[in-house]
Amino acid sequence: MACSDCFFYLGVGAAAWWGVRAVWALLSALRLWVLGSGVRVGPGIGKWAVVTGATDGIGKAYAEELARRGMSIVLISRSPEKLEDVAKQIREKFNVETKIIAADFGKPDLIYDKIQSGLTGLEIGVLVNNVGIAYEFPEYFLDIPDLDNTINKLIDINIVSVCKMTRLVLPGMLERSKGIILNISSASGMYPVPLLTVYSATKAFVDFFSRGLYAEYKNKGIIVQSVLPFYVATKLSKIRKPTWDKPSPEAYVKSAINTVGLQTQTNGYMAHALLGWVTTSLFPISTSINLALKMNKGVRARFLKKSKKN
Ligand SMILES: NC(=O)c1ccc[n+]([C@@H]2O[C@H](COP(=O)([O-])OP(=O)(O)OC[C@H]3O[C@@H](n4cnc5c(N)ncnc54)[C@H](OP(=O)(O)O)[C@@H]3O)[C@@H](O)[C@H]2O)c1
């Protein structure tokens, strides 16, 4: 065979390979974002769902969506008044049972015995490890206000809560060989995000923990999903008005919950999946890190300028 024939067949082979990959990616996207749910997340998995950070934003949206599907909800957050309020709304709107546990995940020595006794005797099908905090504004590590306290809080709230809540809930799920654990990480856990370095690192922990846990227990009836949103319009992100790429928490959760059973690691929302693909597969990671640094420098400068004026 002549050399030119070799190149011809190599070219045809490569084009066929990329063609098959493109069709496969398209069909997978169609199944994921258009056809929807792999697993019916609802009371069939267990009567109760436990949601941390359940009174606002993404946590509240998960609590409402799971109640809409007929699950009874345990809501955990700090403020008893907000908990009472959201629990009442959920009971009245969806006609399900609710239970509230007031706990500050920033105080790990005080809360887990209380949470354990609050959960005793409940058939828990779904755990949503949602609670999380970020910095007030993007900042260089050593200049973060109240640095020592902030480091402790970020680790206790974003990391310790995920491990400890899983420790409390997983044994009951294993007894019934059924359970779903949804861990809310962040797109900033996909690669380092400068000026949010500690936050980004805590979210990478959540992603690794989830994927490792999934591999350990997937043959025992347990689904663990790592959820990695880009911006969602909540108090934490300080985004008030939802847009196509920064959805409301309700729109985000409606989409993310349909990926359970189809993806163990998900950006949860079609526009976010596209951003995830661009920033991790299309660009070299170093470019994504530099873009994130540039963007956060801008956010930091605007925040500092605004706070000087006030
Ligand atoms: N919004 C985004 O753009 C975005 C993007 C990626 C990932 N995420 C992740 O999504 C999760 C939810 O974020 P969100 O934007 O929905 O936040 P959010 O709107 O600020 O809501 C946070 C919830 O957590 C509770 N909470 C805060 N600190 C707590 C503590 N120390 N102990 C117990 N409860 C506490 C709050 O209620 P109380 O104040 O009453 O306690 C509230 O219910 C977080 O893990 C976050 O990292 C968010």
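Which residue stands opposite N129 in β5? In this predicted model, the residue facing N129 is N183 of β5. That pair makes a handy way into the sheet, and the strands on either side of it are taken up below.

The sheet is open and made of 7 strands, lined up as β3-β2-β1-β4-β5-β6-β7, with parallel pairing. At its edges stand β3 (98-102) and β7; each has a single partner strand, so one side of each goes without a neighbour in the sheet. Strands of a sheet are held in pairs by backbone hydrogen bonds, and the pairing can be parallel or antiparallel.

Strand β4 covers residues 124-129, and 6 of its 6 residues are buried, so the rest of the structure largely encloses this strand. On one flank, β4 runs parallel to strand β1 (residues 48-52), with 4 bridges joining the two. Here V51 sits opposite V128 of β4. β4 also pairs with β5, again in the parallel sense and over 4 bridges, and this is where N129 and N183 stand opposite each other. To get from β4 to β5, the chain passes through helix α5 (residues 147-176), giving a β-α-β crossover that is right-handed.

Next along comes the pairing of strand β5 (residues 179-184) with β6, which is parallel and spans 6 bridges. Within it, I180 has I223 of β6 as its bridge partner. The chain travels from β5 through α6 to reach β6, and this β-α-β crossover is right-handed. As for burial, strand β6 (residues 222-227) has 5 of its 6 residues buried, so it too is largely enclosed by the rest of the structure. β6 then pairs with strand β7 (residues 265-266), in the parallel sense and over 2 bridges, and V227 stands opposite T266 of β7. In a regular strand, side chains point by turns to one face of the sheet and then the other.

The loops after β5 and β6 hold a few residues worth a look. Between β5 and α6, the loop contains S186. This serine is buried, with a relative accessible area of 8%, which falls under the 20% cut-off for burial. The side chains of S186 and S188 are joined by a polar contact of 2.8 Å. L195 belongs to the loop between β5 and α6 as well, and at 4% relative accessibility L195 counts as buried.

What is the backbone doing at L195, which is not a glycine? Its phi is positive, at about 70°. K238 is another non-glycine residue with a positive phi, here about 60°. For context, a negative phi is what most residues other than glycine have. K238 sits in the loop between β6 and α7 (249-256). Is K238 buried or partly exposed? With 48% relative accessibility, K238 counts as partly exposed, whereas L195 is buried at 4%.

Turning to the ligand, 31 residues surround it, and those that come nearest are T55, I58, N130, Y199 and T234. By residue type, the shell splits into 13 nonpolar, 12 polar and 6 charged residues. Several polar backbone atoms lie close to ligand oxygens. For G53, the distance from a polar backbone atom to an oxygen atom of the ligand is 3.4 Å. The corresponding figure for N130 is 2.7 Å, and for V232 it is 2.8 Å. The protein covers 93% of the 890 Å² of accessible area that the ligand has on its own. Which elements give two or more residues to the shell around the ligand? They are α2 (57-68) and α6 (197-217).

Some of these pieces link up. Helix α6, which gives two or more residues to the ligand shell, is also the helix through which the chain crosses from β5 to β6. N130, among the residues that come nearest to the ligand, also offers a polar backbone atom at 2.7 Å from a ligand oxygen.

Technical notes: Residues are numbered from 1 along each chain as its sequence is written. This is a predicted model: local features need pLDDT of at least 70, side-chain atom pairs count only at pLDDT 80 or more; totals for chains, interfaces and linings use all residues. Side-chain values use heavy atoms; hydrogens and water are left out. A residue is near a molecule or strand if one of its heavy atoms lies within 4 Å of it. A polar contact is a pair of N or O atoms within 3.5 Å; within protein, one must be able to donate a hydrogen and the other to accept it, and residues adjacent in sequence count only if both atoms are side-chain atoms. Accessible areas come from the Shrake-Rupley method with a 1.4 Å probe; for residues, only the protein chains shown count as cover. Ala, Val, Leu, Ile, Met, Phe, Trp, Tyr, Cys and Pro count as nonpolar, Asp, Glu, Lys and Arg as charged, and the others, Gly among them, as polar. Buried means under 20% relative accessible area, exposed over 50%, partly exposed in between (1.4 Å probe, protein chains only). Two strands pair if DSSP finds at least two bridges between them. A crossover is right-handed if, with the strands pointing away from the viewer, the path from the first strand over the helix to the second runs clockwise.
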